[in-house]
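Subject: Structure handover

Hello,

Here is the structure I promised to send over. Please open it alongside this message. My notes follow below.

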Amino acid sequence: MKSPLSPIKSVCLYSRRFLPPLWLALLVLLPATWAAKDGSGFAGVEFLGSAQLSRLEIEKFLALKPGATAENAQKALVRLKAKLDFKHIKTNIDFVPGDNNNFFLVVDVVESGLTNTLPTRKLANPHHVFLTNEKPFTLLEQLRVRQDKLIEEGRPTDETYSQGMKVFQDPPSQRIAEQEIKELAGQQRALLTLIATDPNPNRRAAAIELLNFTPEWLPSCVSLIAAIDDSDTQVRAAATKFIWARLANFPDDFPFQDLLEALSRQLCRPSYSDRSKSLACLIALCKRDSDSITAVKEFDQSKLKQISESTILPDIQVMATQLMKVAANPPAIKRRLPGRTTDSGSGF
């Protein structure tokens, strides 16, 4: 008998090739039979504009009606990808769950040439970096497979942090994590070198995940500020998530100014992953330190207004509106934010 999840599994296989892995877990949760009942199913396209492509063209290529199922959305994405490849247009595409069991497709065009003014870090002395022990990458894939299995079965994938290292509530996942800690002993510096120099973005993103199983989290957070300006979406997302999870424990002399400026640039980058991760981290910064509110007002107020007025995504709307309200009434500056690191790697 055909599994009721099979259409979603097909979408996930497609997504592993074309979409950022951040949302693979959420795709598994989308019921394949979502239709137009009670506002469920396909709810619309988030498209913030481009000089290379119009909304009308995207909607024509997708040919999706409101309430369409996830299976139909997968077929539509294949059509869209083929059309965009033919036109040599690079895009970031995300599935995003909404309210009432519906979902959105987010299409961001990666502008080329002079239209792309955001600085991107250049890798230092680009070369492939191999750890003295490559087993941690194999274990990381095993951990991902285990987490995907839990999601498919509708079981919790809760994770917490103890002394800066990731801890899983699921015993098999935690056993893999404990093995990672042993295998990664003494390799933290090598991981940071890999993140700064390896030209393979999948290895850079995986190396950031592996830092979750190394003890010295504060130097890693400082180093990863530069990775928020990485050229790859999944690397930027992994770096921001790593920092966000530990932000409440930062000392007062942490280079907050560097972090705030990197997050402000990330907020403008063309992907849902960048916008959502940047907004979440900026909110956490403002909660931690009132001086950050003044910086958000300076760097981000106009962009927040633009996002809030343009987005159709409930989570982005809530976060952008929350930050706008906070930035509208910043407190008096009590002290200057700690300064920049010697080289953020962004060219900014």
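Of the 348 residues in the chain, 50% are buried. Please keep in mind that this is a predicted model. The chain has 14 helices and 5 strands. Take contacts between residues at least 6 apart in sequence: 71% of them join residues at least 24 apart.

**The sheet**

Start with the strands. An open sheet is formed by 3 strands, in the order β1-β3-β2. The pairing in this sheet is mixed. At the edges are β1 (41-46) and β2 (91-97), and each of these pairs on one side only. From one strand to the next, the twist averages 20°.

Now take the two pairings in turn. β1 and β3 run parallel and are joined by 5 bridges. Within that pair, V45 has L105 of β3 as its bridge partner. β2 pairs with β3 (residues 102-109) in the antiparallel sense, over 7 bridges. To find this pairing on screen, look for V96, which stands opposite F104 in β3. D94 is another marker, with V106 of β3 as its bridge partner.

β2 and β3 also form a hairpin, with 4 residues between the strands. In this hairpin, N100 takes a positive phi near 55°.

How enclosed is β3 by the rest of the structure? Of its 8 residues, 8 are buried, so β3 is largely enclosed. Side chains in a regular strand alternate between the two faces of the sheet. In β3, N102, F104, V106 and D108 point one way. F103, L105, V107 and V109 point the other way. All of these residues are buried, on both sides of the strand.

**A helix pair**

Next, look at α10 (residues 233-246) and α11 (residues 256-267). The axes of these two helices come within 12 Å and cross at roughly 140°. That angle makes α10 oblique to α11, because the roughly antiparallel class takes only angles over 145 degrees. The crossing of the two helices is left-handed.

Which residues make the contact? On the α10 side they are R236, A237, T240 and I243. On the α11 side they are L259, L263 and Q266. By type, the residues of this contact divide into 4 nonpolar, 2 polar and 1 charged.

**Two single residues**

Two more positions to look at, one in a loop and one in a helix.

S40 sits in the loop between α2 (24-29) and β1. Is S40 buried or exposed? Its relative accessible area is 10%, and buried means under 20%, so S40 is buried. S40 and A68 lie 28 residues apart in sequence. In space, their C-alpha atoms are 8.6 Å apart.

D291 belongs to helix α13 (residues 291-310). D291 has 5% relative accessibility, so this residue counts as buried too. F256 is 35 residues from D291 in sequence. From C-alpha to C-alpha, D291 and F256 are 9.9 Å apart.

**Where to look**

If time is short, begin with β3. This strand pairs with β1 in parallel and with β2 in the antiparallel sense. Then turn to the contact of α10 with α11, and find R236 and Q266 among its residues. Finish with S40 and D291, both of them buried.

Best wishes

Terms used
Residues numbered from 1 in each chain as written. Predicted model: local features only at pLDDT ≥ 70, side-chain atom pairs only at ≥ 80, totals over all residues. Heavy atoms only, no water. Axes fitted to C-alpha atoms, helices over the stretch in contact; angles between N-to-C directions. Parallel < 35°, antiparallel > 145°, perpendicular 65-115°, else oblique. Left-handed = near helix turned anticlockwise from the far one by under 90°. Contact = heavy atoms within 4.5 Å. Nonpolar A, V, L, I, M, F, W, Y, C, P; charged D, E, K, R; others polar. Pairing = 2+ DSSP bridges. Buried < 20%, exposed > 50% of the residue type's maximum accessible area, 1.4 Å probe, protein only.
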